[in-house]
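Here is a small set of exercises to work through with the model open beside you. Try each task before reading its solution.

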Amino acid sequence: MAKGGRVTTRFAAGVLAVGGVLWAAAGLAAAQAQVSNRQAAFFENRIRPVLIERCVSCHGPTKQFNGFRADSRAAMLKGGDRGPAMAPGKPDESLLLKALRHTGDVKMPPTGKLPDDVLEDVAEWIRAGAPWPEYVEKKPVARSQPHWAFQPLTYPEVPRVKGPQPENPIDRFVLKRLQEKGLGFSAPSTPRQLLRRLFYDMLGTPPTPNEVEAVEREKSPAAWEQWVDRVLDDPRYGERWARHWLDVARYSDTVGYMVGDPERRYAYAYTYRDYVIRSLNSDKPYDRFMMEQLAADKLKLDDPRDQAALGFLTVGNRYLNNRVEIIDDRIDVVTRGLQGLTVQCARCHDHKFDPVPTADYYALYGVFNATMEPNELPLIGKAPDPKDEEAFRLEAERMEKRMAELRKMSGEKAEKELGELREQLKRHIAGHPGAPPRAMVVKDVPNPANARILKRGNPGTPGDETPRGFVTLASRNPVAVAKDSSGRLEVAQAIASPANPLTARVLVNRVWQWHFGFGLVPTPSDFGTRGDPPSHPELLDYLAGRFMKEGWSLKRLHRLILTSQTYCQASDARAAGVNVDPDNRLLWRQNRRRLDFEQLRDTMLTVSGGMDRTVGGRSFVMGGADEPRRRTLYAFVDRQFMPTLLRTFDFPDANAHAPIRYTTTVPQQSLFMLNSPWVQQRASECAAVSAAAPTLPARVTALFRTLLQRSPTREELDLARQFLSRVETLPTAAAGIPAEWRYGFGELTDDGRLSGFTPLPHFTGKAFQGGKQLPDPQLGWVTLNAVGGHPGDRAHAAVRRWIAPRDLRLEVSGTLAHPADQGDGVIGAVLAAGREVGRWKVRDGQVETRVASVLLKKGETLDFVTASGESVSFDGFSWAPRIRETAASSESWDAAAEFSGEKPKANATLSPWDAYAQALLLTNEFLYVD
């Protein structure tokens with residue numbers, strides 16, 4: 001299977017009813033006979049590699065320690081000397097997971113516990129029933145075989161249907177399939193529902209109450225088309241649909257994990273995001289849009305800012321600057337993102353299922369191997385504020401002047417200062433608001449060469465040379481690349497060719513998916529033989545052909561879809577449809593969809609006093625009291641440290657191309673809506689907006705109109721009166737950090753003392769650190785999270801401090817782990833009331849950190865200090881100690897379970913009106929499009 005992005009869907013099932021709101025997850029489908037494409041992708045990308053790399057060498061066909069094999073599902077279920085290794089659907093009862101978590105007698109792998117995210121993946125897989133796809137080995141499909149996706153477009157005629165002929169051709173294709181099954185369309189949506197659907201789909205935010213009233217008054221048949229044109233001309237359209245494309249392009253503001261290069265931010269990733277917004281708002285033809293992203297440096301550009309299009313190639317993961325992996329990532333984003341082909345499968349061997357030989361992979365490898373990123377990126381504009389730009393320039397010139405002086409000097413001191421200045425300059429460029437925008441471009445290397453096929457993907461066994469080019473099945477004729485060209489322009493031309501059977505089909509299918517929740521082809525990035533076939537193949541080809549004939553215009557495609565009866569029908573379920581087509585693949589109704597995270601956050605900002613409508617510019621970091629009220633599109637995306645909030649609400653992993661947003665239902669979502677101070681602040685603002693209303697019914701009506709774009713019913717007014725009369729002032733979620741725990745830094749001296757303790761000032765949502773970015777310019781890498789963290793230099797050891805609430809005798813336990821096999825390890829120390837009572841050093845392993853007896857008086861501290869060695873590289877650690885009182889009460893404290901980020905606030909309360917506004921924010925009517 002091709003290497004893909006992390007599958008972020010959770011297979012957990014359950015129902016959570018909170019505050020009168022019911023969020024239900026789909027039931028668990030654990031039958032091994034029904035392994036979905038989604039489950040197969042999860043297994044192939046997240047589970048099988050772990051088993052192969054860490055388990056099969058000792059528990060496989062050659063060796064079976066303890067009688068156990070880990071190379072098949074049947075072997076897992078059979079188990080070894082200790083019994084079955086798995087209990088499908090019950091991860092906590094599975095011996096396999098207990099061994100991997102190191103919580104049982106057996107601890108695997110013996111070299112050290114796997115990372116927490118890997119353990120979470122394994123637990124998720126077992127919870128889903130441990131689906132294990134079994135593939136039958138077969139020869140690749142020949143190009144001449146009639147797989148639908150590899151055949152030329154058919155340009156079908158619009159069919160006739162029984163009864164009156166709908167004007168919109170989409171409706172006739174869909175209705176024809178429905179009539180074959182004895183079905184028809186559902187009733188039209190109400191004007192209010194339809195306008196909400198249109199605004200959320202196209203703009204990402206709800207209509208105003210006045211706009212809803214206007215659409216309800218209009219009776220003209222042309223009125224709906226006017227509303228469609230209005231949203232297509234709105235600048236918010238480009239912002240909403242840019243986010244869809246950024247998922248495809250694996251956009252991030254950071255490079256991923258790096259060694260020896262503390263500055264992880266892409267200084268100019270935002271210029272690519274802004275290019276996408278401008279292109280969509282101007283309705284740039286898709287073929288041109290795509291070609292600029294592969295070869296803007298080879299094209300004549302009307303706007304110099306369009307050079308930023310090449311960010312499509314350059315904003316990916318840097319893979320520790322491993323060029324082979326960077327090229328592999330670029331091949332994947334081009335082939336899966338633009339062609340729906342899993343070409344990465346051919347890196348080591350001919351594709352097992354599709355007509356993609358290894359030579360095709362290395363033809364593309366040669367193209368991207370002949371591409372380089374210049375040291376000097378081109379300027380494409382000015383900073384927003386001239387004063388900021390001048391300040392940036394003066395400081396940069398000062399550092400560059402000093403670096404030039406240091407280059408002429410010799411000695412260790414000069415080299416050290418030069419290295420520090422290089423990092424300061426990188427941080428200056430990446431973080432200063434006055435840095436003028438530049439484009440993350442690429443260019444051809446001076447003497448491009450062809451690549452050699454690497455047998456089994458091994459660089460040590462090169463094979464035949466293969467000419468630079470493109471995937472042969474997607475181009476009618478072989479792509480000829482000029483001797484002095486990398487081939488990017490020729491590849492772009494081959495993709496944009498009307499003769500290419502995939503480009504228009506893939507894009508039209510993505511647009512359909514973003515309008516309906518799933519595509520005509522449910523596997524939008526796999527149009528090969530392992531992907532699902534289209535539900536309406538004639539409609540797909542009709543739309544693809546029309547899309548090209550109409551100049552590759554996305555707005556014309558939107559307009560056709562949005563004015564169809566298929567799109568405008570109600571989302572209510574009907575027994576007749578459910579019985580025949582429970583998954584709604586035939587589109588007998590619209591799909592009911594929950595707001596994604598961006599829609600949810602942007603809506604709460606909009607209804608609680610307004611959202612900052614500034615378009616474009618540098619990304620902001622979410623979290624903290626000073627968080628800007630900007631669209632979520634502009635939030636900083638950190639692919640290495642993805643905030644827990646984003647992961648909770650199904651934001652895609654930015655490490656690789658994301659074909660689809662998976663929708664999960666987990667308790668953390670409801671708990672966030674109930675307990676987040678940010679949500680409670682929005683609720684208070686909503687209540688304040690309605691405060692001018694003179695009476696209770698008028699104020700409730702104002703809240704309903706603002707949040708739900710309708711007036712309350714009489715029953716809802718009665719419920720509001722009851723609620724407001726019974727609810728007293730409520731505490732908010734600001735209970736915060738338990739009084740015992742603090743998080744900071746200090747210097748661990750050689751004689752076992754902690755020289756100073758300073759609280760870490762910034763909380764990201766899951767970790768304390770020096771500032772919004774890592775490394776912080778002043779405090780460096782020091783960070784603490786629930787289970788571990790990273791120390792800074794010797795003066796910035798990570799300190800997890802516990803304060804005794806009364807006189808106590810305690811025992812301390814825990815495990816200090818340093819998982820990296822590089823670097824010089826970390827030092828852990830426990831200090832009781834300032835006295836060292838335990839010290840350990842660990843590298844590439846773990847050590848138990850037990851202190852049998854500690855006596856503390858009320859207010860005295862217990863410090864868990866983690867310091868670096870001589871180097872701060874590879875110093876990530878895990879250490880979540882546990883404290884237990886040895887007296888009869890046996891009270892205990894757990895660093896991981898009690899970790900929190902909000903400091904206590906005195907008298908933090910919600911008024912009854914605040915609580916009522918929050919209750920409305922929790923309703924499904926607010927949280928769903930329909």
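## Exercise 1: a ring pair in one helix

Tyr-286 and Phe-289 sit three residues apart, about one turn, in helix α11 (residues 286-295). Helices here are DSSP runs of H or I with at least four residues, strands are runs of E with at least two, and both are numbered from the N terminus. The model is predicted, so local features need pLDDT of at least 70 and side-chain atom pairs count only at pLDDT 80 or more, while totals for chains, interfaces and linings use all residues. Residues are numbered from 1 along each chain as its sequence is written, and side-chain values use heavy atoms, with hydrogens and water left out.

**Task.** Classify the ring pair Tyr-286 and Phe-289, and state whether each residue is buried or exposed.

**Solution.**
- Step 1, the criterion: rings of Phe, Tyr and Trp (its six-membered ring) pair if their centres lie within 6.5 Å; planes under 30 degrees apart count as stacked, over 60 as edge-to-face and the rest as tilted.
- Step 2, the geometry: the centres of Tyr-286 and Phe-289 are 6.3 Å apart and the planes are at 45°, so the pair is tilted.
- Step 3, the burial: buried means under 20% relative accessible area, exposed over 50%, and partly exposed in between (1.4 Å probe, protein chains only). Tyr-286 is buried at 2%, and Phe-289 is buried at 3%.
- Step 4, the surroundings: one aromatic cluster is formed by Trp-245, Tyr-272, Tyr-275, Tyr-286, Phe-289, Phe-312, Phe-547 and Trp-552.

## Exercise 2: a ring pair across the sequence

**Task.** Classify the pair Tyr-743 and Phe-899, and find which parts of the chain the pair ties together.

**Solution.**
- Step 1: the ring centres of Tyr-743 and Phe-899 are 5.1 Å apart with planes at 70°, so this pair is edge-to-face.
- Step 2: Tyr-743 belongs to strand β8 (residues 741-748) and Phe-899 to the loop between β24 and β25 (909-910), so the pair links parts 156 residues apart in sequence.
- Step 3: Tyr-743 is buried at 3% relative accessibility, and Phe-899 is buried at 15%.
- Step 4: across the whole structure, a search finds 33 aromatic pairs.

## Exercise 3: the nonpolar cores

**Task.** Which residues of the largest nonpolar core touch the most other members, and which helix gives the most to this core?

**Solution.**
- Step 1, the term: a nonpolar core is a set of buried Ala, Val, Leu, Ile, Met, Phe, Trp, Tyr and Cys residues joined through side-chain atoms within 4.5 Å.
- Step 2: the largest core has 171 residues, and Trp-245, Tyr-272, Leu-294 and Phe-312 touch the most other members.
- Step 3: helix α18 (residues 503-516) gives the most to this core, with eight residues.
- Step 4: a second, separate core of 32 residues includes Trp-802, Phe-877, Trp-879 and Trp-893.
- Step 5: contact means heavy atoms within 4.5 Å. Beyond neighbours within four places in sequence, the contacts of Leu-294 include Leu-310, Phe-312, Val-334 and Ile-495.

## Exercise 4: two packed helices

**Task.** Describe how α23 and α26 pack, and sort the contact residues by character.

**Solution.**
- Step 1: α23 (residues 597-607) and α26 (residues 677-689) pack at about 30°, with axes 9 Å apart. Axes are lines fitted to C-alpha atoms, for helices over the stretch in contact, and angles run from 0 to 180 degrees between N-to-C directions.
- Step 2: from α23, Arg-601, Met-604, Leu-605 and Val-607 meet Trp-678, Val-679, Arg-682 and Cys-686 of α26.
- Step 3: the contact divides into six nonpolar, no polar and two charged residues. Ala, Val, Leu, Ile, Met, Phe, Trp, Tyr, Cys and Pro count as nonpolar, Asp, Glu, Lys and Arg as charged, and the others, Gly among them, as polar.

## Exercise 5: an open sheet

**Task.** Give the strand order of the open four-stranded sheet, and place β23 in it.

**Solution.**
- Step 1: the order is β20-β15-β23-β24, with antiparallel pairing; two strands pair if DSSP finds at least two bridges between them.
- Step 2: β20 (851-856) and β24 (892-894) are the edge strands, each pairing on one side only.
- Step 3: β23 (residues 882-885) pairs with β24 over three bridges, and four bridges join β15 (residues 808-813) to β23.
- Step 4: Arg-884 stands opposite Ser-892 in β24, while Ser-813 stands opposite Arg-882 in β23.
- Step 5: the covered face of β23 holds Ile-883 and Glu-885, and the uncovered one Arg-882 and Arg-884.
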